[in-house]
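User: I'd like to go through this structure and check why each label fits. Can you take me through it?

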Amino acid sequence: MRNNKKYSLPGLLSMFLLWAMPLLSQQPQDTLFFKERLQPVSKDMIFRTEGYYNWCPSIIKGKDNKYHLFYSRWKKEYGFGGWLTYSEVAQSIADKPEGPYTFVGVALKAKGGTGWNALNVHNPRVHYFDGKYYLYYISTHLDIDYTENDIRQNAKLGAKSPLWMQIRNNQRTGVAVSKSLNGPWRRFDKPLIEPSGPIKVLTVNPTICQGADKRYYLIVKGDRDRAGGARNQALAIGDSPVGPFVMQPKPVIDYMNTEDMALWYDSKRNFYYAVFHNDNIIYMVSSPDGINWNKAAEFEILRPDIPMTDGSRFTPMELQRPFVYSENGEPRVLAVASRDQNDSYLLFIPIKGK
């Protein structure tokens with residue numbers, strides 16, 4: 001029997017929504033909000049070391065139930081611009097992820113010589129995958145003969161140095177592997193990934209996570225079209241923590257100049273998140289699949305105006321290198337690097353539980 005019943009446009013729309021709603025509800029949703037749960041910072045949550053600039057915090061909980069902080073540092077005698085050639089990766093430990101942290105040693109130094117990682121070790125991110133620890137970092141080198149005095153002058157002059165851009169443009173991302181957080185760390189003779197796709201010239205600020213599909217999602221920063229110009233965040237995917245990684249054609253972020261992404265997969269929400277800084281403000285982006293990224297439901301996270309436990313406000317000159325430490329599926333600490341005219345240090349901002 002033929003059904004001659006006719007439906008109006010509103011009726012058809014209602015029927016479609018009733019059919020589609022169960023499917024829509026099954027899709028992962030961006031439901032992470034923690035800006036309003038950021039807690040005031042005490043002096044114990046600010047990490048300084050005598051005679052060194054500190055930068056690039058990355059936290060992991062070890063098998064000893066201690067919290068291990070891996071970070072960049074370099075001697076103040078080289079000036080702040082010394083990061084490009086003199087930075088090393090140090091390690092400190094604490095009983096709580098927000099500190100206080102105690103220095104225990106240096107994890108990685110520049111290798112010297114003429115290799116790709118001759119001059120510095122910077123931008124550390126530490127992870128535990130499949131029974132091993134992986135320490136991602138950047139290094140650089142010079143393609144010409146140089147002296148120690150040349151490198152010292154480069155650090156002193158910063159971007160005004162005639163060698164600065166050569167050294168800067170040779171920066172690449174690498175990885176070191178160890179069975180223990182205390183090393184030894186095995187390094188590789190070649191960088192982990194070269195610039196391609198949406199980035200040119202260099203690969204820096206590495207951040208990585210293992211996704212829901214068990215693949216590894218690596219984000220690196222590079223110049224969009226020319227050395228020192230606008231920057232893109234690019235995504236590469238691999239089946240192993242040490243690659244090979246295949247660069248994806250679509251950038252993670254190309255709508256604003258960005259630095260210092262920190263990526264993680266939230267298995268509780270089945271969603272990918274990353275924080276970064278732009279103009280000393282910390283932002284967050286999110287993705288349902290690790291490939292297609294948008295501004296997160298909670299986009300702006302932190303401005304350089306931080307409440308202290310004594311009732312004062314901390315207004316740093318810079319707010320960079322954000323890192324979110326999560327435990328049991330929830331963020332516990334937002335770590336950032338900050339500095340003033342004469343010092344740089346790490347802040348660990350507790351995140352109140354739900």
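Analyst: Sure, let's start with a definition: helices (H or I, at least four residues) and strands (E, at least two) are DSSP runs, numbered from the N terminus. Strand E2 (52–61), strand E6 (122–129), strand E9 (200–210), E13, strand E19 (318–327) and E20 each give at least two residues to the lining of the largest pocket. Keep in mind that this is a predicted model, where local features need pLDDT of at least 70 and side-chain atom pairs count only at pLDDT 80 or more, while totals for chains, interfaces and linings use all residues. Residues are numbered from 1 along each chain as its sequence is written, and side-chain values use heavy atoms, with hydrogens and water left out.

User: What makes a residue part of the lining of the largest pocket?

Analyst: A lining residue has an atom within 4 Å of a pocket point; on a 1 Å grid over the protein atoms alone, a pocket is an open set of points where a 1.4 Å probe fits, with protein on both sides within 12 Å along at least five of seven lines. The lining here has 28 residues, and His127, Tyr128, Trp264, Tyr265 and Ser326 lie nearest the centre.

User: Which kinds of residue make up the lining of the largest pocket?

Analyst: There are 16 nonpolar, seven polar and five charged residues. Ala, Val, Leu, Ile, Met, Phe, Trp, Tyr, Cys and Pro count as nonpolar, Asp, Glu, Lys and Arg as charged, and the others, Gly among them, as polar. For the second largest pocket, the split is nine nonpolar, eight polar and eight charged.

User: Why is the pair Glu148 and Arg152 called a salt bridge?

Analyst: A salt bridge needs a side-chain nitrogen of Lys or Arg within 4 Å of a carboxyl oxygen of Asp or Glu. The N to O distance for Glu148 and Arg152 is 3.7 Å, so the pair qualifies. The two are four residues apart in helix H3 (residues 148–157), which puts about one helical turn between them.

User: Is Glu148 buried, partly exposed or exposed, and how do you know?

Analyst: Buried means under 20% relative accessible area, exposed over 50%, and partly exposed in between (1.4 Å probe, protein chains only). Glu148 is at 44%, so partly exposed fits, and Arg152 at 36% is partly exposed as well.

User: What does Arg269 pair with?

Analyst: Arg269 forms a salt bridge with Asp266 at 2.6 Å and another with Glu330 at 2.9 Å. Arg269 lies in the loop between strand E13 (259–266) and strand E14 (271–278), while Glu330 is in strand E20 (residues 330–339), so this pair ties together parts 61 residues apart in sequence. Both Arg269 and Glu330 are buried. Arg37, Asp266, Lys268, Arg269 and Glu330 are linked in a network of salt bridges.

User: Why is Asn280 called buried?

Analyst: Its relative accessibility is 17%, and that is under 20%, so buried is the right word.

User: What makes Asn280 and Leu319 a polar contact?

Analyst: A polar contact is a pair of N or O atoms within 3.5 Å; within protein, one must be able to donate a hydrogen and the other to accept it, and residues adjacent in sequence count only if both atoms are side-chain atoms. The side chain of Asn280 reaches the backbone nitrogen of Leu319 at 3.1 Å, so the distance is within the cut-off.
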